[in-house]
Amino acid sequence: MPAITTAQHAAFPTPSQNLQRELKDILHQGQPAAQDLLEKLLQIPSTSGNERDLVMFIARWAKQNGFETDLFESSETELNAYRQATLRHIPLAGRPTLVITFPGRGPGRSLMFNAHSDVIAPGDPQRWTHGPWSGKISDGRIYGRGACDVKGPLASALAALLALKSAYPQGLPGDVRVEIVPGEEDCVGLGTLTSYVRGYHPDGLIVLEPTEGQPRNASRGGVRFAIRVQGKAAHGTVKWLGIDAIIGLRAVLEHLELMETEFAVPDANELFARYPLMRPITVDHIEGGNWQGATCDLAGCAGYLELLPADDIEAWKKRFQDRLCELQQNGKASGCRLDIEFSEDYGGHELSAGHPLAQCALAAMTDIGLTASSMSWRGFNAGCEAGLRWGINQTPTLVWGPGSLEQAHGADEYVELKAVHDAALSFALCAIHWTTLPVK
Ligand SMILES: [Zn+2]
């Protein structure tokens, strides 16, 4: 794995010690306000489909702080030209996208931060020590659904934007933007597509996700699948006359586990080699059984197959489907009929570690002494918004943010306040490095 060394980015001008100190001071002074902002973001529920209140709140915050804002709703018609980018087309009405701009004075490169406004449902509130919408601070951590995925990283980017505006009242050489897009948790890429179609094509992109504060230069592609298992109902007392879809579903689930092992070619991509599963198959939904006392005539499951950046998604869909069809053909699905549907797919991305954007991120980390000697470039172990612009026009992209996937989507989700603060400083420094580079 390519180790991160400081020699590689010697070509990038380092912001003076004075400037770094000034930014640090600004961020330090702004810390109570940034913390207060994150608390409020966490107190506004924004599950997929209900992002509006959160986005309106951030738009007001941006205006109050003197930023340009573009708040818009996209229609399905506008996205039709890029329909191939997302198969599952969820309704977008009432789900605005927001782009906040800190205009540059030219002629440097532009940088965009991308955050999704939605969070997944919190589940049973009883499982939370502090309420899922509490924004409770305890022992240096802030708790709530979305704390690390992705309101904490978003708060870092907003604090960075504010600090840059204060340190550079005339603007950096290039534009710096934060886009807040809906719907990532239920249809990866769709929200970012709304901003792309609106005309936002940055020279560099940082997708905010919890990456333990370290920049990641790759992310996964993937597909969402749904498997229907068709059996035949019969009274339980003569169940040999029926075909039990629950037994068929059990065979499907066992088969998926085997497939996960089979797909895990260990050296398929070294950026993902440290994760225990090379191509995870996660079943997140099962259903079946309609009547008491009868064999089940219809059952099913759904989930994600997660892929590597260079995987051919269509070829993998075919392989997935073929492997499951074998189960039906060799009779191991207990006579059930299997139907497989793919309801969503999204591409991954992989930026060379030598790319100037990766090097600018590294320079920013080194500026503030955050580069761990053991750190090496690796992929973000999930699908995210990074693949959308990468797939359309290879926008240089990193995934980066405070917090860890280990806390995301569970009860008691949290992020360390210090990590949010550190990320704000590294984001600001990275923006200085990147926007100072001339446009190609
Ligand atoms: Zn996320």
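Biologist: How does α5 pass α11, in a left-handed or a right-handed crossing?

Modeller: Handedness depends on which way the near helix is turned from the far one: anticlockwise by less than a right angle is left-handed, clockwise is right-handed. In this predicted model, α5 crosses α11 in the right-handed sense.

Biologist: And at what angle do the axes of α5 and α11 cross?

Modeller: Roughly 50°, with the axes coming within 8 Å. The helices in question span residues 147-167 for α5 and residues 417-436 for α11. That angle makes α5 oblique to α11, since roughly parallel would need an angle under 35 degrees and roughly perpendicular one of 65 to 115.

Biologist: Which residues in α5 meet α11?

Modeller: On the α5 side you'll find Gly152, Pro153, Ala155, Ser156, Ala157, Ala159, Ala160, Ala163 and Leu164. Their partners in α11 are Val420, Ala423, Ala424, Phe427, Ala428 and Ala431. Sorted by character, the residues of this contact come out as 13 nonpolar, two polar and no charged.

Biologist: Let's zoom out. How many helices and strands does the chain have?

Modeller: There are 11 helices and 15 strands. To judge the overall packing, set the radius of gyration against the globule rule: the chain has 23 Å, close to the 22 Å given for 440 residues, so it is as compact as a globular protein of that length. Along the principal axes, the C-alpha atoms fill a box of roughly 80 × 45 × 40 Å.

Biologist: What share of the residues is buried?

Modeller: Buried residues account for 51% of the 440. As for contacts between residues at least 6 apart in sequence, 82% join residues at least 24 apart.

Note on methods: Residues are numbered from 1 along each chain as its sequence is written. This is a predicted model: local features need pLDDT of at least 70, side-chain atom pairs count only at pLDDT 80 or more; totals for chains, interfaces and linings use all residues. Helices (H or I, at least four residues) and strands (E, at least two) are DSSP runs, numbered from the N terminus. The radius of gyration is taken over C-alpha atoms; the globule rule is 2.2 Å times the number of residues to the power 0.38. A residue is buried if 20 or more other C-beta atoms lie within 10 Å of its own, exposed if 12 or fewer, and partly exposed in between; C-beta atoms are placed from the backbone. Two residues are in contact if their C-beta atoms, placed from the backbone, lie within 7 Å. Axes are lines fitted to C-alpha atoms, for helices over the stretch in contact, and angles run from 0 to 180 degrees between N-to-C directions. Angles under 35 degrees count as roughly parallel, over 145 as roughly antiparallel, 65 to 115 as roughly perpendicular and the rest as oblique. Ala, Val, Leu, Ile, Met, Phe, Trp, Tyr, Cys and Pro count as nonpolar, Asp, Glu, Lys and Arg as charged, and the others, Gly among them, as polar.
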